[in-house]
Amino acid sequence: GRWACHFAATFPDASVLGVDVSQASLDFAKQQQEKFSLTNLSFERVDLRCWNAPRQFDFIECGGVLHHLEDPLAAWSGLVSHLKPGGVMLVALYSRMARWPFKEMRKDMLPRVVGDKGVPARVEDVDDETVRRFRQELMKELWTPDMMPVARCADFHSMARLRDCFFHPLEHEYTLLEVEDMLQKLGLKLLLIDGGPADMFKRFRPTADINDLRAWHDLEKEMPGIFLGMYRMYVQKL
């Protein structure tokens, strides 16, 4: 409920609805809502794969969720159907280029960590103690001046987030060319790529259109870590 609470607090005149498939997450979110007296915020337990929203929305935020579903495009299409014409959506998706080093690290380090026990057939079967030892090996590799920004990533300092980063059983990654194709299919246009990457684009592609995803794709090939924290995009329904 972090983002739902953030939006409700930032826009007190807005009516904010937070949804999640996890009841435990919703219970925690409701505690935060009560803590900060957010009367313009409500919660509902839903599955995005089959959600019939009670209304259409001016703004939808969906970060780090779609790429963990069986059919991300179908779920995204469902969300678009709940967005008003001209409405805006903030979406975050995994970058294939940015995710590749993490998968290579897991492939290299996990056998060393588990030793004679052998690597489980399913990543979700890795136990907590193995995840802790994996993190220790990971920090040995990353705790260098060049890799310090990566080592400080919050994903490496929480059991749940470390599992999500390295041991999630279902994950889709994309290139920006694939994202461009999805936007066309969904009737969406790019408004803005959020965060620090935009500053890098202006520096290294000063004459290019900042909403040209092909120019972004070429830049990412040169700088594969630029979207380490996912593609975060504001898009608008046409």
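## Contacts around Leu-93

Two residues are in contact when they have heavy atoms within 4.5 Å of each other. Keep that in mind as you look at this predicted model, and start with Leu-93. Leaving aside neighbours within four places in sequence, Leu-93 is in contact with Leu-66, His-67, Trp-76, Tyr-174, Val-179, Met-182, Met-230, Tyr-231 and Met-233. Try picking out those partners on the structure, then follow them into the core described next.

## The nonpolar cores

In soluble globular proteins, nonpolar side chains tend to be buried together. Here, the largest nonpolar core has 37 residues. Which of them touch the most other members? They are Leu-66, Trp-76, Met-89, Leu-93, Val-179 and Trp-216. Several elements each supply at least two residues of this core: the helices are H3 (72-81), H8 (176-186) and H10 (213-222), and the strands are S3 (57-63), S4 (83-93), S5 (188-193) and S6 (231-237). H8 gives the largest share, with five residues.

Another core lies apart from this one. It has 19 residues, including Met-109, Val-113, Phe-134 and Leu-162.

## The whole protein

Stepping back, you can find 10 helices and six strands in the protein. The radius of gyration is 19 Å, close to the 18 Å that the globule rule gives for 238 residues, so the protein is as compact as a globular protein of that length. If you lay the C-alpha trace along its principal axes, it spans about 55 × 50 × 30 Å.

How much of the protein is buried? Buried residues make up 39% of the 238 residues. Now for the contacts with a separation of 6 or more: residues 24 or more positions apart account for 70% of them.

## A cavity

There is one cavity of 30 Å³ or more in the model, and the space in the largest cavity is about 30 Å³. Which residues line the largest cavity? You'll find Tyr-94, Ser-95, Ala-98, Arg-99, Phe-227, Leu-228 and Met-230 around it. Sorted by class, this lining has five nonpolar residues, one polar and one charged. Met-230 may ring a bell: this lining residue is also on the list of Leu-93's contacts.

## Two buried charged residues

Arg-205 and Glu-180 both count as charged. Is Arg-205 buried or exposed? Its relative accessible area is 18%, and the cut-off for buried is under 20%, so Arg-205 is buried. You can find Arg-205 in the loop between helix H9 (197-204) and H10. Not counting residues up to four places away in sequence, Arg-205 touches Met-200, Ala-215, Asp-218, Leu-219 and Glu-222.

Glu-180 lies in helix H8, the helix that gives the largest share of the 37-residue core. Glu-180 counts as buried too, at 18% relative accessibility. With residues up to four places away in sequence left out, Glu-180 touches Leu-213 and Arg-214.

## Out towards the solvent-accessible side

Next come some residues with higher accessibility values. Ser-15 sits in the loop between helix H1 (2-10) and strand S1 (16-20), and counts as exposed at 58% relative accessibility. Even so, Ser-15 touches Asn-40 and Arg-55, not counting residues up to four places away in sequence. From Ser-15 to Asp-47 is 32 residues in sequence and 21 Å in space, C-alpha to C-alpha.

Ser-37 is in the loop between helix H2 (23-35) and strand S2 (41-45), and is exposed, with a relative accessible area of 55%. Ser-37 also has a positive phi of about 55°, although it is not a glycine.

## Glu-141 and the chain end

Glu-141 is in helix H5 (residues 128-142). With 42% relative accessibility, Glu-141 counts as partly exposed. Beyond residues up to four places away in sequence, Glu-141 touches Met-109 and Arg-112. Met-109 is one of the residues of the 19-residue core. How far is Glu-141 from Phe-28, C-alpha to C-alpha? The two are separated by 35 Å, and they are 113 residues apart along the chain.

Finally, look at Leu-238 in the segment after S6. Leu-238 counts as exposed, at 65% relative accessibility. Leaving aside neighbours within four places in sequence, Leu-238 is in contact with Gly-187, Leu-188 and Lys-189. Leu-238 and Thr-175 are 63 residues apart in sequence, and their C-alpha atoms are 23 Å apart in space.

Methods. Residues numbered from 1 in each chain as written. Predicted model: local features only at pLDDT ≥ 70, side-chain atom pairs only at ≥ 80, totals over all residues. Heavy atoms only, no water. 1 Å grid on protein atoms, 1.4 Å probe; cavity = no way out; pocket = protein on both sides within 12 Å on 5 of 7 lines; lining within 4 Å. Points joined across faces, edges and corners; volume = space filled by probe spheres on them. Core = buried A, V, L, I, M, F, W, Y, C linked by side-chain atoms within 4.5 Å. Buried < 20%, exposed > 50% of the residue type's maximum accessible area, 1.4 Å probe, protein only. Helix = DSSP H or I, 4+ residues; strand = E, 2+ residues; numbered from the N terminus. Rg over C-alpha atoms; globule rule 2.2 N^0.38 Å.
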